[in-house]
Amino acid sequence: MEQQPGHDCPLCPRLAAFRDQWRAAEPTWFNGPVPGFGPHDARLLIVGLAPGLRGANRTGRPFTGDFAGDLLYQTLLDFGFAIGTYGARPDDGLELRDARIVNAVRCVPPENKPTTEEIRTCRPFLHSAIAAMPHLKAIIALGKIGHDSTVAALGEKLSRVKFGHGAQAQIGALRLFGSYHCSRYNTNTGVLTPAMFADVFRAAKAYLETA
């Protein structure tokens with residue numbers, strides 16, 4: 001059973017205060033720890049950073065309602081990890097196939113920057129999310145924070161598994177794939193192109209076909 005933080009999780013005081021601030025400002029938004037999305041029996045897990053303020057924090061579904069979701073979900077559709085149409089809202093009917101998405105930090109952080117302590121505090125939920133996937137074979141970590149928290153959750157040393165776009169590492173029975181985060185900043189500056197992003201998913205899909 002996957003351990004989930006409650007909607008009023010108090011573990012990170014700064015994030016709880018920020019959440020309360022936005023509950024007052026936007027009472028119709030989700031404004032809580034965002035749960036994972038996708039089947040637990042999937043073989044692929046995608047680990048993001050944290051909910052976007054006007055994305056997942058608003059909609060309650062990872063990467064839904066912001067630019068990063070546009071690229072991520074289109075890529076998932078392109079590689080057969082999703083079916084339906086991404087409508088940037090949780091009731092769009094989109095379904096993930098053989099893939100699940102979680103964030104390293106479940107609550108939206110101010111300026112999209114969680115502290116080291118907040119990342120560490122939320123890590124047990126990431127560990128639980130991984131443990132709750134009995135058929136898991138591969139993980140795609142988006143960005144250095146997602147990568148490093150995943151490595152730590154798997155009990156491996158960061159000194160052995162360095163983050164890099166397109167990098168791969170075997171940690172126990174799992175293959176970890178690294179990717180630059182699909183944020184608007186990274187795509188606008190050319191740090192990440194759609195083709196570069198697709199290459200990571202292509203590699204993961206190829207690995208799953210032989211694993």
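Strand β1, residues 44–48, is mostly covered in this predicted model: 5 of its 5 residues are buried. In a regular strand, side chains alternate between the two faces of the sheet. You can follow this along β1, where Leu44, Ile46 and Gly48 point one way, while Leu45 and Val47 point the other way. Residues on both sides are buried.

Now to the neighbours of β1. The table lists two strands that pair with it, along with the residue opposite leucine 44.

| Partner of β1 | Sense | Bridges | Opposite leucine 44 |
|---|---|---|---|
| β4 (residues 99–103) | parallel | 5 bridges | alanine 99 |
| β5 (residues 138–142) | parallel | 4 bridges | alanine 138 |

Leucine 44 is thus a handy place to start looking: it has alanine 99 as its bridge partner in β4, and it stands opposite alanine 138 in β5.

Next comes helix α4, residues 116–131. With 16 residues at 1.5 Å a residue, α4 should span 22 Å, and its end C-alpha atoms are 23 Å apart, so the two values agree. Even so, the helix has a bend of about 40° at arginine 123. A proline, proline 124, follows within four residues of that point.

Which residues of α4 are buried? They are Glu118, Ile119, Cys122, Phe125, Leu126, Ser128, Ala129 and Ile130. The elements that cover them include the strands β1, β4, β5 and β7 (174–179), as well as the helices α1 (13–25) and α5 (143–153). This brings us back to the start, as β1 is among the elements covering the buried residues of α4.

Notes
Residues numbered from 1 in each chain as written. Predicted model: local features only at pLDDT ≥ 70, side-chain atom pairs only at ≥ 80, totals over all residues. Heavy atoms only, no water. Buried < 20%, exposed > 50% of the residue type's maximum accessible area, 1.4 Å probe, protein only. Helix = DSSP H or I, 4+ residues; strand = E, 2+ residues; numbered from the N terminus. Pairing = 2+ DSSP bridges. Expected span 1.5 Å × (residues − 1). Bend = angle between axes of the 7 residues up to and from the residue. Contact = heavy atoms within 4.5 Å.
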